[in-house]
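Me: Hey, I've just opened this one and could use a quick tour. Can you take my questions as they come?

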Amino acid sequence: MKKLLDSSDKTAVALSFVCVLHCIALPLVLLALPSISGLLVLDDERFHLWLVFIVIPISIFALISGFLHHKRTSVFFVSALGMLMLIAAALFGHDYLGEKGEVGLTLFGSILIAVGHLRNLRLRRVRVCRNLSEPSL
């Protein structure tokens, strides 16, 4: 079970990184090579939605499982805020915030998710290490 929990946190961090990379690198690639812009599926708004649909369930599973171990609500709320930002950016960002606002909201949300999951992972490991080092009665 520990491997599954670690994997879910690491997967959520990796997907957040993919999101950041997509938001930063794709515009640069399109500027450098505009002729390939029609070939890229990654430029589609649906990519954001698919990423959100993958990140959210993994994140919720990892965060709830982690909370049951370390009882830190701050970790859950930081990541939850990041998830809400990603959802808002994917659903409404382009129409209401424009391209720059959508990218900014997505980047900030992804960073919050990654920070929350890294903290979640660290707190679960610290708790496991403490439990292993305590003498049994």
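**Cavity, helix H3 and confidence**

Reply: Sure. A search of the whole structure turns up one cavity of 30 Å³ or more. A cavity here is a set of points on a 1 Å grid over the protein atoms alone where a 1.4 Å probe fits but cannot get out.

Me: What volume does the largest cavity have?

Reply: About 40 Å³, taken as the space filled by probe spheres set on the points, which are joined across faces, edges and corners.

Me: And which residues line it?

Reply: The lining of the largest cavity is Cys19, His48, Leu51, Val52, Leu86, Ala89, Ala90, Glu102 and Thr106, where lining means having an atom within 4 Å of a point. Helices H2 (45-70), H3 and H4 (98-133) each give at least two residues to that lining; helices are DSSP runs of H or I, at least four residues, numbered from the N terminus.

Me: New topic: where is the kink in H3 centred?

Reply: On Ala90, with a kink of about 50°, the angle between axes fitted to the seven residues ending there and the seven starting there. Ala90 is also one of the buried residues of H3, along with Leu86 and Ala89 among others; buried means under 20% relative accessible area with a 1.4 Å probe, protein chains only.

Me: What comes after H3?

Reply: Gly98, with a positive phi near 80°.

Me: How confident is the model?

Reply: It's predicted, so local features need pLDDT (the predictor's confidence in each residue, from 0 to 100) of at least 70, side-chain atom pairs count only at 80 or more, and totals for chains, interfaces and linings use all residues. Residues are numbered from 1 along each chain as its sequence is written, and side-chain values use heavy atoms, leaving out hydrogens and water. The chain's mean pLDDT is 77, with the lowest confidence in H1 (residues 2-32) at a mean of 71 and the highest in H3 (residues 73-96) at 88.

How values were computed. On a 1 Å grid over the protein atoms alone, a cavity is a set of points where a 1.4 Å probe fits but cannot get out, and a pocket is an open set with protein on both sides within 12 Å along at least five of seven lines; lining residues have an atom within 4 Å of a point. Buried means under 20% relative accessible area, exposed over 50%, partly exposed in between (1.4 Å probe, protein chains only).
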